[in-house]
Amino acid sequence: MAEYGRAAYNFAYRLTGNEPDARDLTQDAFVRVFRAWKSFQPGTSFLSWIYRIITNLYRDELRRRKGVFQQELPEDNAPQEYGGARPLAVDPIGSYVESQLSAPLSVALSRLSPDQRQVVILADIEELSYQEIAEIVGCSIGTVRSRLHRARNQLRRLVTKASHREDR
Amino acid sequence: MDRHYDSETLTDYLHGALDPETDAAIFAHLGVCEACRTAYNAEVALGEALRNAAQGEALDFPTDLVARIRLATREEAGASKIARWFRSRRVAWATLPAAAAVALALWFGGNELRQQSAPPAEIDASYYFEAHDAQTRSIPESERTGAIAFAALSDRPHVDAAYLHPNDPLLGEIAPGLDLGGPGN
């Protein structure tokens, strides 16, 4: 349990943003794991299975608390190319990392919508594939792609805003 | 190629989510396009920043949470054992009403049979009187002895007066001084 417990707990913590909720979520998830043990497919990722359970529980909890869950984002996720010479501005993330300001990035992460946060955590922190994320979150790969792009753009905006604030 | 890839495509490239052909094209493009390489490095940096931030605040698995989970799963195991026990006896439980019905039928049926075959625990004296009266009438008058003493036997119903011999000392005991009209009297 310790092997997966830490990963599950940290995942729950990143989703919820606080330890008490992360504890409850992790406990509920392991009880579900215990209950649904026979439904686990050997040969698949056990950790992905736990993440899926945590994600579902987190979604249920959000529904319970707010009554309404985040609306699905449109699946306008086809890879796009643009012509011409649009200037690619130097991303503020590079300088942000250099200045070791990871705490504001965590704050920015917490400001994302739950849907977007899940996808960023799974894609960039857990480094799972879009396919795995789609299975965990229970949506299409297109939706994963769309959410990830929007989340990353949102993070960039928040980080830029934070770095401008510090410059003043 | 004079076009540049947008950040979405570069993000997909970073996450290995593109088809092999597009992936190879971007790989080649990044080798010659400074602008796209910068944009791609920014995407890489964002991912690294997120991982570093997560690593920096990674939490240990709380020991009390381990205990809570063990307790919860143990309770769950107890509950499932009970559920399994009930499930394994589903067939037996299904037959329980039928078994109960059979038992009740046997019980009441047995009582009925017992009541029909066994003598009643307490028999009213009138039963004996009526029965003995009938028996007395079926006996020739010359042989009757106890019929006269019938009234005197009302308090001793166990005595079969119809079959008392006229010289039976019991007659003298239960009806002293009576002239029974017997052959010997």
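In the predicted model, A:A134 is in contact with A:C139, A:S140, A:I141 and A:V144 when residues up to four places away in sequence are left out of account. This alanine belongs to helix α7 of chain A, which spans residues 130–137. A:A134 has 19 other C-beta atoms within 10 Å and is therefore classed as partly exposed, since a residue is buried if 20 or more such atoms lie within that distance. A further relation links A:A134 to A:L122, which lies twelve residues apart from it along the chain, the C-alpha atoms of the two being separated by 10.0 Å.

For A:I133, the contacts, again without residues up to four places away in sequence, are A:V119, A:L122, A:A123, A:L128 and A:V144. A:V144 thus appears in the list for A:I133 and also in the list for A:A134. A:I133 is, moreover, one of the residues that touch the most other members of the largest nonpolar core, a set of 54 residues in which A:A12, A:A29, A:I54, A:V119 and A:V120 share that position. The element that gives the most to this core is α3(B), with nine residues. In soluble globular proteins, nonpolar side chains tend to be buried together.

The packing of helices within chain A is illustrated by α1(A), residues 2–16, and α6(A), residues 114–125, whose axes come within 9 Å and cross at roughly 140°. At this angle α1(A) is oblique to α6(A), and the crossing of the two helices is right-handed. On the side of α1(A) the contact is formed by A:F11, A:R14 and A:L15, whereas α6(A) supplies A:R117, A:Q118, A:I121 and A:I125. By class, the residues of this contact comprise four that are nonpolar, one that is polar and two that are charged.

Between the chains, the contact involves 42 residues from chain A and 42 residues from chain B. On the side of chain B that touches chain A, the elements that give two or more residues are β1 (4–5), α1 (7–14), α3 (34–56) and α4 (63–88) of chain B. Of the residues on that side, 16 come from α3(B), which gives the most. The composition of the side of chain B that touches chain A is 20 nonpolar, twelve polar and ten charged residues. Helix α3(B) accordingly figures in two settings, giving the most to the side of chain B that touches chain A and giving the most to the largest nonpolar core.

How values were computed. Residues numbered from 1 in each chain as written. Chains lettered and ligands numbered in written order. Predicted model: local features only at pLDDT ≥ 70, side-chain atom pairs only at ≥ 80, totals over all residues. Contact = placed C-beta atoms within 7 Å. Helix = DSSP H or I, 4+ residues; strand = E, 2+ residues; numbered from the N terminus. Nonpolar A, V, L, I, M, F, W, Y, C, P; charged D, E, K, R; others polar. Axes fitted to C-alpha atoms, helices over the stretch in contact; angles between N-to-C directions. Parallel < 35°, antiparallel > 145°, perpendicular 65-115°, else oblique. Left-handed = near helix turned anticlockwise from the far one by under 90°. Buried ≥ 20, exposed ≤ 12 C-beta atoms within 10 Å, placed from the backbone. Core = buried A, V, L, I, M, F, W, Y, C linked by C-beta atoms within 7 Å.
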